[in-house]
Amino acid sequence: MSLSGKTYFKNLKCRECNRLYPKEALHVCEFDFGPLEAAYDYDAIARDLNHEVLADRPYSMWRYRELLPIDAEPTVGLQVGFTPLIRADRLAKKLGIKELWVKNDSVNYPTLSFKDRVVAVALSRARELGFEIVACASTGNLANSVAANAASAGLRSYVLIPCDLEQGKVLGSLVYGTNVIGIRGVYDLVNRLCSEIAGKYGWGFVNVNLRPYYSEGSKTMGFEILEQLDWKVPRHTVVCMASGSLLTKIHKAYKEAALIGLVREETPFSIHGAQAAGCAPISSAFKRGTDIIKPVSHPQTIAKSLAIGTPADGYYAVHTMHDTGGSCEDCTDDEIVEGIRLLAECEGIFSETAGGVTVACTKKLIENGNIPRNESAVICITGNGLKTQEALVGKCGEPRIISPSLREFDERIGVELTSPPPFASR
Ligand SMILES: *Cc1c(COP(=O)(O)O)cnc(C)c1O
Ligand SMILES: [Zn+2]
C-alpha cells in the first residue's frame with residue numbers, strides 16, 4: 001500500500017486543555033500535566049478511507065494506516081496484527097451467554113501479545129524522529145516486543161523489567177540480544193527510573209516519551225474487531241487492564257470508525273474492564289464510584305503483565321467504562337487459573353494469565369447481570385500462555401506415565417473405555 005508520503009496526523013494534543021504540540025517525543029502538557037494524544041484530519045480521512053479502499057489492502061494492522069501517528073510508510077512491524085476473531089460457542093454455553101467472540105491476540109506476530117501493535121507504531125515513529133536507541137519499562141510482554149522488533153529493525157534496545165518476572169518473559173527478551181535490565185522493585189519504580197533515564201540519556205522510551213505514538217497502536221485491535229464483525233460495533237467488549245490504555249484506545253477506535261463512516265450502523269455499546277484482585281486500582285476505583293485511583297504499592301497476583309499499581313490511564317479508563325454503560329470486575333489467582341483452563345478446554349486457546357483475568361471477569365459480569373445473557377460480547381485475549389507456564393504448574397493434572405507395553409496400556413488406560421476397541425475381535 002502506498003500513500004505517497006501523505007499523512008493525516010496533524011499534532012499532539014493535550015487531553016485536558018486541547019493545547020496543540022508539535023509531533024515530537026513529547027508526552028505531557030506543560031500547563032496541566034495532561035497526557036498528549038495524536039490528533040488527525042478526520043475530514044480528509046473520511047474522504048480517502050472507505051470499505052472499498054480497505055478491500056485491496058494486506059491483512060495487517062497497517063490497513064488502518066491513516067489513523068496511525070506516523071508521517072511516512074511504516075518501517076517496523078509490517079506483519080503485525082489481523083489476528084483471528086473467533087466465534088466461541090462452547091465457551092458461550094459454559095458462561096451462559098447467547099453469543100461470544102474471542103479476539104485472539106495471543107497469536108500476534110512476532111511475540112504473541114497485543115504489545116506488538118503498540119511497538120510497531122512506536123518504533124516506526126522512533127525511526128522517523130531519528131532515535132538510535134529505543135527502550136521501555138515493561139511487565140514482560142512489551143519488553144519481548146521491543147526486543148524482537150528492534151532486532152529486526154537493526155535498532156539498539158534496552159528493556160527494563162521488575163527482576164521477578166516469569167522465565168518465559170525474561171528469556172523471551174534475552175534471546176533477541178537486547179539489553180535486559182532487571183530492577184529490584186515493582187513496575188512503578190521501574191517506570192519512574194525510565195522517566196529519569198529518558199530525560200538524561202535521550203533514548204526513545206516507547207511507553208514514556210513516545211507514549212502518544214505507542215498508545216495509538218492499540219486502536220488497531222478495535223478496528224479489526226469492527227471489520228471482522230462486518231463493521232458492526234459489538235454490544236459488549238471486555239478488556240483486561242494494566243495501565244488502562246488498551247481499553248481507552250479500543251473505545252477511541254470504535255468512535256473514530258463511526259466518525260469517518262466505516263461503521264454501518266451506530267448502535268449502543270459498552271466497554272467493560274477486568275483486573276486481578278491482587279492489583280486492582282482501576283477496578284476498585286470504579287466500584288467505589290470515583291475516578292480517583294488509589295495506587296497499589298505491592299501488587300500480588302500471578303497476572304504479572306497486569307501488575308501496574310499506578311495506572312497511567314486509570315482515570316480515563318474509569319470514565320470510558322462509565323460513559324459507555326460498562327462495568328468492571330476483578331478476580332483472584334484461583335479464578336485466573338480457572339479462566340485460563342476454561343478458555344483452553346472450550347476453545348483450544350492457551351492464554352497467559354492476563355487472558356485468565358479477562359475470562360474470569362467476563363464470567364462474573366455475566367453472572368451479576370452487567371452483561372445480559374441474551375446479548376453478545378467480544379473478549380480480548382491479549383497474551384500467550386506459553387510465556388506464563390509457571391502459573392499452571394500442578395494445576396492441570398499430570399501425564400500418566402506407563403511402560404511401552406500394550407498390556408500395561410490395556411490395564412491402565414483401556415479399562416476406562418466404556419465400549420470395547422473396534423478391532424478387539426481380530
Ligand atoms: C500490557 C498488557 C495489557 C494491558 O495493557 P494496558 O494498555 O497498559 O492496560 C493486557 N494484557 C497483556 C497480556 C499485556 O501485556
Ligand atoms: Zn494541557
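The following dialogue examines the two ligand sites of a predicted model.

In this predicted model, local features need pLDDT of at least 70, side-chain atom pairs count only at pLDDT 80 or more, and totals for chains, interfaces and linings use all residues. Residues are numbered from 1 along each chain as its sequence is written, chains are lettered from A and ligands numbered from 1 in the order in which they are written, and side-chain values use heavy atoms, with hydrogens and water left out.

Student: Which residue has a polar side-chain atom 2.8 Å from an oxygen atom of ligand 1?

Tutor: A polar contact is a pair of N or O atoms within 3.5 Å. Gly244 offers a backbone N or O atom, at 2.9 Å from an oxygen atom of ligand 1, and Leu246 likewise uses a backbone N or O atom, at 2.8 Å. The residue with a polar side-chain atom at 2.8 Å is Lys115.

Student: How much of the accessible area of ligand 1 does the protein cover?

Tutor: Accessible areas come from the Shrake-Rupley method with a 1.4 Å probe. On its own, ligand 1 has 390 Å² of such area. The protein covers 98%.

Student: What spacing do the donors of the zinc ion (ligand 2) follow along the chain?

Tutor: Donors are N, O and S atoms within 2.8 Å of the metal (3.2 Å for Na, K and Ca). Here they are SG of Cys14, Cys17 and Cys29, together with two OD entries of Asp32, at 2.3 to 2.4 Å. The spacing is C-x2-C-x11-C-x2-D.

Student: Are Cys14 and Cys29 buried or exposed?

Tutor: Buried means under 20% relative accessible area, exposed over 50%, and partly exposed in between (1.4 Å probe, protein chains only). By this scale, both Cys14 and Cys29 are buried.

How values were computed
Polar contact = N/O pair within 3.5 Å; in protein donor to acceptor, adjacent residues only side chain to side chain.
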